[in-house]
Amino acid sequence: MISKHSFIGTILLIIVFLLPVSSSAGAEKMVLILKDAIRIALKESYTVKSFRQDVIRREGYYRAQKSEFRPYANLNVQTPSFAESVYPVSQPSGLPVYQSRGSMEYDMSLDFNYKIPTDGTFTLRSSLNRTRNEIIFKNNTAKDLKGLTNLRLSFTQPIFTDNTLKEGLKEAELSYQSSLKRFNRNERNIIYDVTSAFYGLYRVSQMVEIYKERMDNSLEAYNLAKLRSEEHTSELQSHSFISYAVFCLKKKNTPLNTSYPHLPPHPSKLSLYHAY
């Protein structure tokens, strides 16, 4: 599972990439899409790196165990093998005579091995041996050349014991599959967390736009209501002035005050106005 600190760090990373970046040429905005956010999180996550290395290590061990069932060959070469010795031969007439003996040997073998699921092994061995012996005595040389070729097929099968080869292969396979599943689960957790954080941030940004639009609509409604209120007030004032003018005409002794737009404050005039 991804830790809390890693999750918070991922959210902060997304927010940082969404913020405008200042430059010498002017303010620029870097836009980070969800695909890039997931790629960055998977690439920079220490947990993902650790699980990936574990998968690689266990996969290598699993392949090594599988290779035990593949045929393989061993080549052994010992050439040349040279030996020479000198030893005296006693003579009844006087000084000893020295004899030289030397040998040259060539030896090579090739083993072809094949493992079977029962932990048994078939081995086909081919060997080649060449030996050359030489003896020098009193200016006489004796040479001897021998050659040996051998071809042999053998089979080795452990009995009354566990099949360690098959069990080792099964253990390596299970270990590799378990490591791969942990790696995939961790990747999916990171993708889920980044996606949730990304769309959470997107939701907040959209809510800001919605609230801004609501505020604009409310301001527009307020301005419209204010305009209607002013028009209605002006209309009432016009009706009041006309009524007052009619009242003054009926009462010729009352001068018309054009600067007074409201009803007369006197109770008698107010009652005549309402009677009219």
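This report covers the fold, salt bridges, aromatic pairs, surface patches and backbone of one protein.

**Overall layout**

The model is predicted. The protein has 276 residues, and 20% of them are buried. Its secondary structure comes to five helices and six strands. Read from the N terminus, the order of elements is α-β-β-α-α-β-β-β-β-α-α. Two of the helices come up repeatedly below. Helix α3 covers residues 46-66. Helix α4 covers residues 164-250.

**Salt bridges**

The structure holds seven salt bridges. Three of them are set out here.

| Salt bridge | Closest N to O distance |
|---|---|
| D54 and R57 | 2.8 Å |
| R63 and E59 | 2.9 Å |
| R125 and D111 | 2.6 Å |

Start with helix α3. D54 and R57 both sit in this helix, three residues apart, or about one turn. The two partners differ in cover. D54 is buried, with a relative accessible area of 16%. R57 is exposed at 52% relative accessibility. The bridge is also part of something wider: D54, R57, R58 and R182 are linked in a network of salt bridges.

R63 and E59 also pair within helix α3. They are four residues apart there, so about one helical turn separates them. R63 is exposed, with a relative accessible area of 55%. E59 is partly exposed at 23% relative accessibility.

The bridge between R125 and D111 has an N to O distance of 2.6 Å. This pair links distant parts of the chain: R125 is in strand β5 and D111 in strand β4, 14 residues apart. R125 counts as partly exposed, at 31% relative accessibility. D111 counts as buried, at 10%.

**Aromatic pairs**

There are three aromatic pairs. One of them joins Y62 and Y176, which are stacked, with 5.8 Å centre to centre and 10 degrees between the planes. Y62 belongs to helix α3 and Y176 to helix α4, so the pair ties together parts that are 114 residues apart in sequence. Both rings belong to buried residues. Y62 has 15% relative accessibility. Y176 also has 15%.

Another pair is F198 and Y199, which meet edge-to-face, with 6.0 Å centre to centre and 80 degrees between the planes. F198 is buried because its relative accessibility is 15%, under the 20% cut-off. Y199 is partly exposed at 46%.

A further approach within the chain involves S178 and R58. Their C-alpha atoms are separated by 9.5 Å, although the residues are 120 apart along the chain. S178 is found in helix α4. It is partly exposed, with a relative accessible area of 34%.

**Surface patches**

Which residues make the nonpolar surface patch of about 730 Å²? They are F112, Y114, F122, L124, L151, L153 and F155. The elements giving two or more residues to this patch are β4 (94-115), β5 (121-137) and β6 (140-156). β6 gives the most, with three residues. Y114 is the member to look at in strand β4. Y114 is partly exposed, at 39% relative accessibility.

A patch of another kind carries negative charge. E209, E213, D216 and E220 gather in it on the surface. E213 is placed in helix α4. At 51% relative accessibility, E213 counts as exposed, since the cut-off for exposed is over 50%.

**Backbone points**

Most residues other than glycine have a negative phi. Two loop residues have a positive one.

D119 has a phi near 75 degrees. It lies in the loop between β4 and β5. D119 is buried, with a relative accessible area of 11%.

F160 has a phi near 55 degrees. F160 is found in the loop between β6 and α4. Is F160 buried or exposed? F160 is exposed, with a relative accessible area of 84%.

Conventions
Residues are numbered from 1 along each chain as its sequence is written. This is a predicted model: local features need pLDDT of at least 70, side-chain atom pairs count only at pLDDT 80 or more; totals for chains, interfaces and linings use all residues. Side-chain values use heavy atoms; hydrogens and water are left out. Patches are made of residues with over 30% relative accessible area and no salt bridge: like charges are joined within 9 Å, nonpolar side chains (Val, Leu, Ile, Met, Phe, Trp, Tyr) within 5 Å. Accessible areas come from the Shrake-Rupley method with a 1.4 Å probe; for residues, only the protein chains shown count as cover. A salt bridge is a side-chain nitrogen of Lys or Arg within 4 Å of a carboxyl oxygen of Asp or Glu. Lys and Arg count as positive and Asp and Glu as negative; His and the chain ends are not counted. The place of a charge is taken as NZ of Lys, CZ of Arg, CG of Asp or CD of Glu. Buried means under 20% relative accessible area, exposed over 50%, partly exposed in between (1.4 Å probe, protein chains only). Rings of Phe, Tyr and Trp (its six-membered ring) pair if their centres lie within 6.5 Å; planes under 30 degrees apart count as stacked, over 60 as edge-to-face and the rest as tilted.
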